[in-house]
Amino acid sequence: MLQYIMKRLLILPLLLFLFSVIAFALIQAPPGDFLTSYMAFLASSGSSIGAEQAEALRQMYGLDKPLYIQYFKWMGNILRGDLGVSLEWQRPVAELIGERLVLTIVLALLSFAFTWLLAIPIGIFSATHQYSIFDYLFTIFSYVGVATPNFLFALILIWFAFSKFGISVTGLFSAEFADAPWSWARVVDLLKHIWLPMIVLGTDGTAKLSRIMRANLLDELNKPYVVTARAKGMSEWKLVLKYPVRLAFNPLVSTLGWYLPALFSGSTVVATVMNLQNIGPVLLRALVSQDMYLAGSIILIYCFLTVLGTLLSDILLAWLDPRIRMEEA
Amino acid sequence: MAAISKTVTDTEDRVFVASNWQLVWWRFRKNKLALFSTAVLFLIAVVALFPGFFSIQDPQQSSSRLAFIPPQSLHWFNDGRLQPFVYGVIGERNAETLQMEWVIDEERKIPVSFFVKGYEYEVLRLFSADLHLWGVAPEAVEDAEWPEIYFLGTDRLGRDQWSRLMYGIQTSISIGLIGVILSVILGVLLGGVSGYFGGIFDMVIQRIIELLQALPTIPVWMAMTAALPRDWPPEKVYFAITVILSLIGWTTLGREVRGRFLSLREEDFVIAAKLAGCSQLRIITHHMVPAFASHIIATSTLSIPSMIISETALSYLGLGLRAPAISLGVMLQEAQTLQAVALASWLLYPGIAVIIIVLALNLVGDGLRDAADPYSN
């Protein structure tokens, strides 16, 4: 087990190095740099800076250096724990996204818990009551859930809440708590708001997972050991939960590897629609204004979270299923 | 007795000699929901091929005077006779909010005719036509204040949503299709090399697939599309987006193809072909690919929806296609603010089109996947 985890951990730096190159290439891909888009922005608002001043700024930010030097400078700083300075906001990147990063992770974990707590019982119920009215209802729900893009679901909910109840359900905090320092009241306020994005993000996964659970359990329910246990007079409830459910569970855990990362990146679009204070909207803004250190850091953080999510699920899977850890070790 | 056993052997014979495609079709047609979805997809495909025929007015034609007209529903019967019509609308400016407010005018009926002449459009970029499926009846065109009908209302710029939806479906569907075709080419090529030759090829390609699959898709897509120059013409952006979507999309197919190659490589019929002196190319194209082609089709059908959803989300964020291009995502951009959604909920209709398209594709894909599985009953 330990050996397996060590092996996984050893690949991590290599993977992160490759990701950092990809992230840097991506943010360097647009023609021009931050200053060209900054000057275009200034021109559109009526003011401008001189060519000399622009050149001075370019030198200050190191934008005049060759690409590989810019990359090593950026990486070197990151390794020392410095994510650089946002060119647009003139503030350290870490300061800009620190709290938003925490909110991104909290939201993803909550959606994750929501998905599993809902999907497993639905899957078990659908499988044990196959072709019942509820099974059909859940089937319809899951097909529609998969077919509805997250952001569209968010839009429909926003419209529904506004037109039926006259309330606006966007944001993660009420106005008075938006910029307040953390306090118990602020956490409560967050909990009052975060459940809706949690549902929006989690629906898609709930639909998929409940289908997988149903199919897996149906495969198990017809096996002879279930019939034997039933013939011996074991109570149905206990029987289902104790044997087939546990077996049906394993393949589900392997979906963790893509699901947790999908939640991290999926929240990007939903956050923009629902105006959530996580890193999604900042990434969008940074990409449009070519704020390279900010955008690059955020993409790198997403990559890191994705790798971390995959690693966690691998470890969990190895812990649950001895066949995997024996094979890999 | 003899007759019964004869029919049994007849059906058995039929199964034994049936080609793989016939078997797939026999299994597929048992799934009524998938069959129905196929019909829906067929309709959508016709719309995607001839959006001009189904639209009522030029999708780009705008008029700020006609902004936010609510949908007019089509009534089939007028006084008990089959005579389709829609009720007219009257606009009044609200003295307080200065906004146009439209009310249905039940006094005025605008007759709807089929196969009418309207604005000129291009058919598949080959020739132009002016025949439309429906429109305002010619005799009513003169006396109407504005001779139009809006089945799905109008947007902020007074453009007809129905007509725009027709063109939006064309763009979104074709992005999904072309994206998947590119993914299939990449996936079959690289997955095939990986599975058939194995060794170092397999190693390298598998690591690339793992790397790509470990990337956070949406942020990376956002960064890639944000990198497209803003002054590119719509066609170029369209093509670039398709390529970007398939660059990550091919990995699932690549894995699938590799797995199939690995398992088929050891099958008797492949060894027989090899012993009979077939060239490698012939073995791959004539013996192995047909054996798993149905799986590839099922998997690729199931990966079209994610392409369509991704395009819609990217365009919605303003990173994908931009006006004057019309896609379902570009249309949904109009519904970006709470005010717009609250004021004109019909702006969300393109979203419903997305759901229907994705739903139909998923149902057909699931049906195909089940039908293509030789171990199912």
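# Asking how the labels were earned

Visitor: How do you know which contacts in chain B join residues far along the sequence, and what share is at least 24 apart?
Guide: Among contacts in chain B between residues at least 6 apart in sequence, 68% join residues at least 24 apart. Two residues are in contact if their C-beta atoms, placed from the backbone, lie within 7 Å. Keep in mind that this is a predicted model, where local features need pLDDT of at least 70, side-chain atom pairs count only at pLDDT 80 or more, and totals for chains, interfaces and linings use all residues. Residues are numbered from 1 along each chain as its sequence is written, while chains are lettered from A and ligands numbered from 1 in the order in which they are written.

Visitor: What makes something a helix or a strand here, and how many does chain B have?
Guide: Both are DSSP runs numbered from the N terminus: H or I over at least four residues for helices, E over at least two for strands. Chain B has 14 helices and four strands.

Visitor: Why is α10(B) said to lie largely in the open?
Guide: A residue is buried if 20 or more other C-beta atoms (placed from the backbone) lie within 10 Å of its own, exposed if 12 or fewer, and partly exposed in between. Helix α10(B), residues 268–275, has eight residues and the number buried is zero, so it lies largely in the open. For chain B as a whole, 38% of the 377 residues count as buried. After α10(B) comes Gly277(B), with a positive phi near 90°.

Visitor: Why are α6(B) and α9(B) called oblique?
Guide: Angles under 35 degrees count as roughly parallel, over 145 as roughly antiparallel, 65 to 115 as roughly perpendicular and the rest as oblique. Helix α6(B) (161–197) and helix α9(B) (234–265) pack at about 40°, their axes 5 Å apart, and are therefore oblique to each other. Axes are lines fitted to C-alpha atoms, for helices over the stretch in contact, with angles from 0 to 180 degrees between N-to-C directions.

Visitor: What handedness does the crossing of α6(B) and α9(B) have?
Guide: Right-handed. A crossing is left-handed if the near helix is turned anticlockwise from the far one by less than a right angle, and right-handed if clockwise.

Visitor: What makes α8(A) oblique to α11(A)?
Guide: The axes of α8(A), residues 184–221, and α11(A), residues 244–253, come within 8 Å and cross at roughly 135°. That makes α8(A) oblique to α11(A). This crossing is right-handed too. Among the residues that meet are Leu209(A) and Ile212(A) in α8(A), with Pro244(A) and Val245(A) in α11(A).

Visitor: Why are β1(B) and β4(B) edge strands?
Guide: Each pairs on one side only. Two strands pair if DSSP finds at least two bridges between them. The open sheet runs β1-β2-β3-β4 in chain B, with antiparallel pairing.

Visitor: How do you know that β3(B) and β4(B) pair?
Guide: Eight bridges join these antiparallel strands. In β4(B), Val136(B) is the bridge partner of Val112(B), and Leu131(B) stands opposite Lys117(B). Three residues lie between the strands of this hairpin, where Leu124(B) takes a positive phi near 50°.

Visitor: Which classes make up the side of chain B that touches chain A?
Guide: There, 31 residues of chain B are in contact with 41 residues of chain A. The chain B side divides into 26 nonpolar, five polar and no charged. Ala, Val, Leu, Ile, Met, Phe, Trp, Tyr, Cys and Pro count as nonpolar, Asp, Glu, Lys and Arg as charged, and the others, Gly among them, as polar.
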